[in-house]
Amino acid sequence: MSARPNQESAAPQAETTSPHRAGFACFVGRPNAGKSTLTNALVGQKVAITSNRPQTTRHTVRGIVHRDDAQLILVDTPGLHKPRTLLGERLNDVVRTTWAEVDVIGFCLPADQKLGPGDKYIVKELAGIKKTPKIAIITKTDLVESKALAEQLLAVSALAEELGFEWAEIVPVSAVGDKQVDLLADLIAPLLPESPPLYPEGDLTDEPEMVMVAELIREAALEGVRDELPHSIAVVVEEMLPREDRPADKPLLDIHANVYIERPSQKGIIIGPKGKRLKDVGTKSRKHIEALLGTPVFLDLHVKVAKDWQRDPKQLRKLGF
């Protein structure tokens with residue numbers, strides 16, 4: 001991440017205006033603390049997978065927020081958690097590596113959940129990162145009354161004090177209700193280094209399209225499945241090819257993808273009675289994929305078993321971890 005895109009082509013700032021800023025910020029927090037939803041709200045479009053299942057983000061998705069005065073590149077990390085598998089350990093490594101490379105860290109804490117051991121574990125780790133400004137973001141404020149919100153603000157402030165540091169800002173937001181999302185961007189912008197834009201206007205993410213398509217399929221596959229399945233699903237897009245012999249005004253993109261699970265018994269859960277569930281997954285994800293790519297799509301989905309892939313280094317590599 002430290003290798004920044006070519007900056008020389010950007011026009012110099014007029015001396016009368018305040019300098020343009022650009023840099024990287026990441027959101028950290030327990031799994032399911034609202035990090036991905038917040039990323040999407042700031043960018044204004046779906047770039048990160050969201051789910052009410054914990055531990056759904058596996059890749060660092062960068063969302064890019066373009067403003068007149070700043071460009072904010074958001075790095076979305078997996079939730080830091082106590083790892084039980086090799087995959088879990090690798091996800092935690094991703095988080096720590098990211099923290100070392102960003103300009104601002106936002107710690108996300110849901111308004112409707114008391115500060116727990118998981119939050120304290122993360123904040124303790126953050127206390128060890130001395131130079132990077134840290135913002136506490138109280139998410140999901142639409143779910144609580146003002147008294148509970150005030151208590152949460154005091155609790156997160158006291159925790160930092162206890163660990164010997166101070167938050168640069170403490171901001172309550174509701175990404176779903178679009179409350180204070182712009183204010184959060186206003187507060188992050190001045191903490192970024194002076195720099196011309198790092199990405200061209202119009203870019204919303206630098207995540208490869210195939211990875212984003214796989215994430216959209218996985219998000220649809222996660223909806224409504226049993227509790228034991230979220231960690232067991234991985235999606236690999238095998239190929240994306242424009243359909244040949246189509247008129248220029250009626251293009252069609254063929255996407256072939258495999259949904260991997262760990263055990264044969266899970267296959268039926270994903271496919272559903274008479275294949276209905278898998279069909280629904282295809283229909284739902286295709287809508288999002290077409291919106292993302294701006295072209296009609298034919299989606300060909302297959303379910304395959306990759307036995308205990310979360311614990312097998314070879315399989316993890318094959319599935320992109």
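## Exercises on a sheet and its helices

In this predicted model, strand E7 and strand E8 (residues 253-261) run antiparallel and are joined by 8 bridges.

**Exercise 1.** Work out which strands stand at the edges of the sheet that contains E7, E8 and E9.

*Solution.* Begin with the strand order, which is E7-E8-E9 in an open sheet of 3 strands with mixed pairing. Strand E7 (234-242) and strand E9 (297-305) each have a single partner strand, so both stand at the edges and one side of each is left without a neighbour in the sheet. From one strand to the next, the twist averages 15°. To look at one bridge in particular, take Glu239, whose partner in E8 is His256.

**Exercise 2.** Identify which strands are touched by helix H6 (residues 209-222), and then place helix H7 (residues 264-271) in relation to the strands.

*Solution.* Helix H6 packs on the sheet and touches E7, E8 and E9, with its direction making about 125° with that of E7. Helix H7, in turn, lies across E8 and E9, and runs at about 155° to E9.

**Exercise 3.** Describe how helix H1 (residues 35-43) and helix H5 (residues 181-188) are placed, and what kind of residues make up their contact.

*Solution.* The axes of H1 and H5 come within 10 Å and cross at roughly 85°. Because angles of 65 to 115 degrees count as roughly perpendicular, that crossing makes H1 roughly perpendicular to H5. Next, list the residues that meet: Leu38, Ala41 and Leu42 from H1, and Val181, Leu184 and Ala185 from H5. Sorted by kind, the residues of this contact divide into 6 nonpolar, no polar and no charged.

How values were computed: Residues numbered from 1 in each chain as written. Predicted model: local features only at pLDDT ≥ 70, side-chain atom pairs only at ≥ 80, totals over all residues. Heavy atoms only, no water. Axes fitted to C-alpha atoms, helices over the stretch in contact; angles between N-to-C directions. Helix = DSSP H or I, 4+ residues; strand = E, 2+ residues; numbered from the N terminus. Parallel < 35°, antiparallel > 145°, perpendicular 65-115°, else oblique. Contact = heavy atoms within 4.5 Å. Nonpolar A, V, L, I, M, F, W, Y, C, P; charged D, E, K, R; others polar. Pairing = 2+ DSSP bridges.
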